[in-house]
Amino acid sequence: MSAFLYGAALQWKLDIRSKALLITCYLVPLLFFAVMGGIFTSLMPEAKSTLIQSMTVMGVSMGALVGLPPSLTEIYGSDIKKVYKANGVPLYLGLFTISLSAFLHLMLMCLIIYIAAPIAFGAQLPERPLWYFIRLSIFIGVSLSLGSILGLSVKNQSKLTMVSQIAFLPSIMLSGIMFPAGLLPRPLAAIGSIFPAAWGYRLLTGDGSVCSSLFPLAVIFAVCAAICVLALRRLQSE
């Protein structure tokens, strides 16, 4: 347990100095929030009621699908993996520490949006803040599980960038944060339901029953976790 906490603390310090994480978990999401928040609330004043949730879904998806995978590839696609094996360190430790660090950074970014949105754009705060952040934690965890698959499966950084964008763009465009998901054709709506962003947005906004959003997220997490276990076993045998 102490080794895990030490590794998580060390990874947190490394991530703070990472330019890639600064861009994907803070700079781009908060810049998008600053620009699009003003546009959304000017063109559609009713967007103030869901502005925090929509900007949060965008930021979490970018951090999980674009920011997390390269950090994992740096370990599992390089000789660092051999160092883990040589020193008897379980391969899953890297995944856990990087994911935990990313979780904390994304939560901090979401907190900034939560505080700044009402001040900057008059956005409406979600009801029952504690319950909102519990839901947010679930959404972040599921999104990171999907990003982990990309980081464990794609070893080439250039290919990883392309694959991450392929996952990120439809995740956001089909999630309902840009325009109502009900306006999408059924095939596109079905594709959007594959990604956590669509269900996370519904969960955070309270659109529909809680179970109707939690169950798909649980299924996505279970599938992603199983794939991650298989990927780690494959890396262990290499």
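Mentor: Start with a term. A contact means heavy atoms within 4.5 Å. Keep in mind that this is a predicted model.

Trainee: For contacts with a separation of 6 or more, what share comes from residues 24 or more positions apart?

Mentor: Take the contacts in the protein chain whose partners have a separation of 6 or more. Then pick out the pairs lying 24 or more positions apart. Their share is 77%.

Trainee: How many helices and how many strands does the protein chain have?

Mentor: Read along the sequence, the pattern is α-α-α-α-α-α-α-α-α-α. The count is 10 helices and zero strands.

Trainee: What percentage of the residues count as buried?

Mentor: The surface first: the protein chain exposes about 11800 Å², with 72% of that from carbon and sulfur atoms. Now the interior. The chain has 238 residues, and the buried share is 46%.

Trainee: Over residues 20-44, how far apart are the end C-alpha atoms?

Mentor: The unreviewed UniProt entry lists 20-44 among its transmembrane regions. In the model, that stretch is 96% helix and 0% strand. Its end C-alpha atoms are separated by 33 Å.

Trainee: And over residues 213-232, how far apart are the end C-alpha atoms?

Mentor: UniProt's unreviewed entry also places a transmembrane region at 213-232. Here the chain is 100% helix and 0% strand. From one end C-alpha to the other is 29 Å.

Trainee: Is Leu43 buried or exposed?

Mentor: Leu43 belongs to helix H2, residues 19-43. Leu43 also helps make a nonpolar surface patch of about 460 Å², along with Leu31, Val35, Ile39 and Met44. Exposed means over 50% relative accessible area. Leu43 has 68%, so it is exposed.

Trainee: Thr24 is in helix H2 too. Which residues does Thr24 touch, not counting those up to four places away in sequence?

Mentor: Buried means under 20% relative accessible area, and Thr24 is at 10%, so it counts as buried. Ala64 is 40 residues away in sequence, yet the two C-alpha atoms are 8.8 Å apart. The residues touched by Thr24 are Pro29, Met62, Gly63, Val66 and Gly67.

Trainee: Which residue's backbone oxygen lies 3.0 Å from a polar atom of the Ser54 side chain?

Mentor: Place Ser54 first: helix H3, residues 51-76. Ser54 is buried, at 3% relative accessibility. Leaving aside neighbours within four places, Ser54 is in contact with Ile177 and Tyr201. The backbone oxygen at 3.0 Å belongs to Leu51.

Trainee: How far is the C-alpha atom of Ile113 from that of Ala34?

Mentor: Ile113 sits in helix H5 and is buried at 0% relative accessibility. Beyond four places in sequence, Ile113 touches Leu30, Phe33, Ile52, Met55, Thr56 and Pro118. Ile113 and Ala34 are 79 residues apart along the chain, and their C-alpha atoms are separated by 9.4 Å.

Trainee: Why is helix H9 described as largely enclosed by the rest of the structure?

Mentor: The buried residues of H9 are Pro196, Ala197, Ala198, Trp199, Gly200, Tyr201, Leu203 and Leu204. Their cover includes H3, H6, H7, H8 and H10. H9 is largely enclosed because the number of its 10 residues that are buried is eight.

Trainee: Which residue just after H9 takes a positive phi?

Mentor: H9 covers residues 196-205. Just after H9 comes a phi of about 75 degrees, and the residue is Gly206.

Trainee: Arg128 has a positive phi as well. What is its value?

Mentor: Most residues other than glycine have a negative phi. Arg128 lies in the loop between H5 and H6. Arg128 is exposed, with a relative accessible area of 59%. Its phi is near 50 degrees.

Trainee: Last one. Which residues does Ser213 touch, leaving out those up to four places away in sequence?

Mentor: Ser213 lies in helix H10, residues 210-237. At a relative accessible area of 1%, Ser213 is buried. Ser213 touches Trp199, Arg202, Leu203 and Asp207.

Conventions:
Residues are numbered from 1 along each chain as its sequence is written. This is a predicted model: local features need pLDDT of at least 70, side-chain atom pairs count only at pLDDT 80 or more; totals for chains, interfaces and linings use all residues. Side-chain values use heavy atoms; hydrogens and water are left out. Patches are made of residues with over 30% relative accessible area and no salt bridge: like charges are joined within 9 Å, nonpolar side chains (Val, Leu, Ile, Met, Phe, Trp, Tyr) within 5 Å. Accessible areas come from the Shrake-Rupley method with a 1.4 Å probe; for residues, only the protein chains shown count as cover. A salt bridge is a side-chain nitrogen of Lys or Arg within 4 Å of a carboxyl oxygen of Asp or Glu. Helices (H or I, at least four residues) and strands (E, at least two) are DSSP runs, numbered from the N terminus. Buried means under 20% relative accessible area, exposed over 50%, partly exposed in between (1.4 Å probe, protein chains only). UniProt positions are given in the numbering used here, feature names are shortened, and annotations may be inferred rather than shown by experiment. A polar contact is a pair of N or O atoms within 3.5 Å; within protein, one must be able to donate a hydrogen and the other to accept it, and residues adjacent in sequence count only if both atoms are side-chain atoms.
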